[in-house]
Amino acid sequence: MAHRVDDVEAAEAAVRAYRELSNGDAGGSAELTYWLRELAARRWERGEAERAVEALTESVAGYRVHASRDPGMLPVLASALTDLAYMRYRSDHDAAQAAEEAVTVYAELGEPYRLALALALNNLSNCSTGAAALATQRRAADVVRPLAPEHPSQAAMVLRNLAICLREAGQEQEADAVDAEARALG
C-alpha cells in the first residue's frame with residue numbers, strides 16, 4: 001500500500017518527537033529507530049532516494065545498538081540492512097557493505113532464517129560482479145534449494161539469477177540446467 005504524501009510529514013513529526021524523548025541515548029529509543037525506518041520507506045515512495053537512505057542509515061545504526069543489547073532484535077537489524085542495501089543499490093550508492101552485513105546476521109541467526117539468508121545472498125550477488133557475483137549466487141542457490149518445496153517462487157527467483165550469472169560467465173550448459181530447474185518451480 002502506498003503512503004500518502006502527508007504520511008512523510010507525520011513520520012518526520014514522529015522522528016522529531018522520539019528524538020527529543022531519547023535524551024541522547026546512543027541508539028535512540030526503539031520507537032525512534034522504528035520511525036526512522038518508516039520515514040525512509042515513505043521518502044523512498046515519494047522519490048526522495050537520498051533522504052530515504054539517510055533516514056534508513058540512521059535507523060540501521062539504532063538497530064545495531066538495540067541488537068547489541070537484545071539479540072532478539074537481530075532479525076529486524078538484518079531486515080533493515082537488506083532494505084538499506086536495496087536502497088543504496090537502486091540509488092547508485094555502495095550497497096555491498098550493508099548486503100554483506102545482512103548476510104552475516106542471517107547466517108548467525110541459523111535455521112529459522114534460511115530463506116532470508118538465501119535472499120540476502122541473492123541481494124549481495126546483485127551488488128557484486130564477475131566471479132564474486134557467481135560464487136555468492138551459487139551459495140544463495142545452495143541455501144534455497146532445500147527450501148524450494150515451501151517457497152517455490154523465491155527459490156525460482158534465486159535460481160533464475162544463478163542462471164544469469166552462469167550465462168555471464170560463459171557456462172551455458174549449466175545455465176540451461178539451472179534455468180530448467182527454476183521453470184519447474186513456477
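This passage describes the aromatic pairs and helix H8 of a predicted model.

Three aromatic pairs are present in the structure. In one of them, Tyr34 and Trp35, the ring centres are 5.4 Å apart and the planes meet at 85 degrees, so the arrangement is edge-to-face; planes over 60 degrees apart are placed in that class. Both rings belong to partly exposed residues: the relative accessible area is 41% for Tyr34 and 21% for Trp35. A stacked pair is formed by Tyr106 and Tyr113, with 6.2 Å from centre to centre and 25 degrees between the planes. Tyr106 has a relative accessible area of 8% and is therefore buried, the limit for this class being under 20%. Its partner Tyr113, at 27% relative accessibility, is partly exposed.

Helix H8 comprises 17 residues, 152-168. At 1.5 Å a residue, a span of 24 Å is expected for H8, and the C-alpha atoms at its ends are 24 Å apart, in agreement with that value. The buried residues of H8 are Ala155, Ala156, Val158, Leu159, Asn161, Leu162, Ala163, Cys165 and Leu166. An α-helix has 3.6 residues a turn, so residues three or four places apart point the same way. The buried residues of H8 pack against three helices, namely H6 (114-126), H7 (130-144) and H9 (172-185). After H8 comes Gly170, with a positive phi near 80 degrees.

Definitions and conventions. Residues numbered from 1 in each chain as written. Predicted model: local features only at pLDDT ≥ 70, side-chain atom pairs only at ≥ 80, totals over all residues. Heavy atoms only, no water. Phe/Tyr/Trp six-rings, centres within 6.5 Å; stacked < 30°, edge-to-face > 60°. Buried < 20%, exposed > 50% of the residue type's maximum accessible area, 1.4 Å probe, protein only. Helix = DSSP H or I, 4+ residues; strand = E, 2+ residues; numbered from the N terminus. Expected span 1.5 Å × (residues − 1). Contact = heavy atoms within 4.5 Å.
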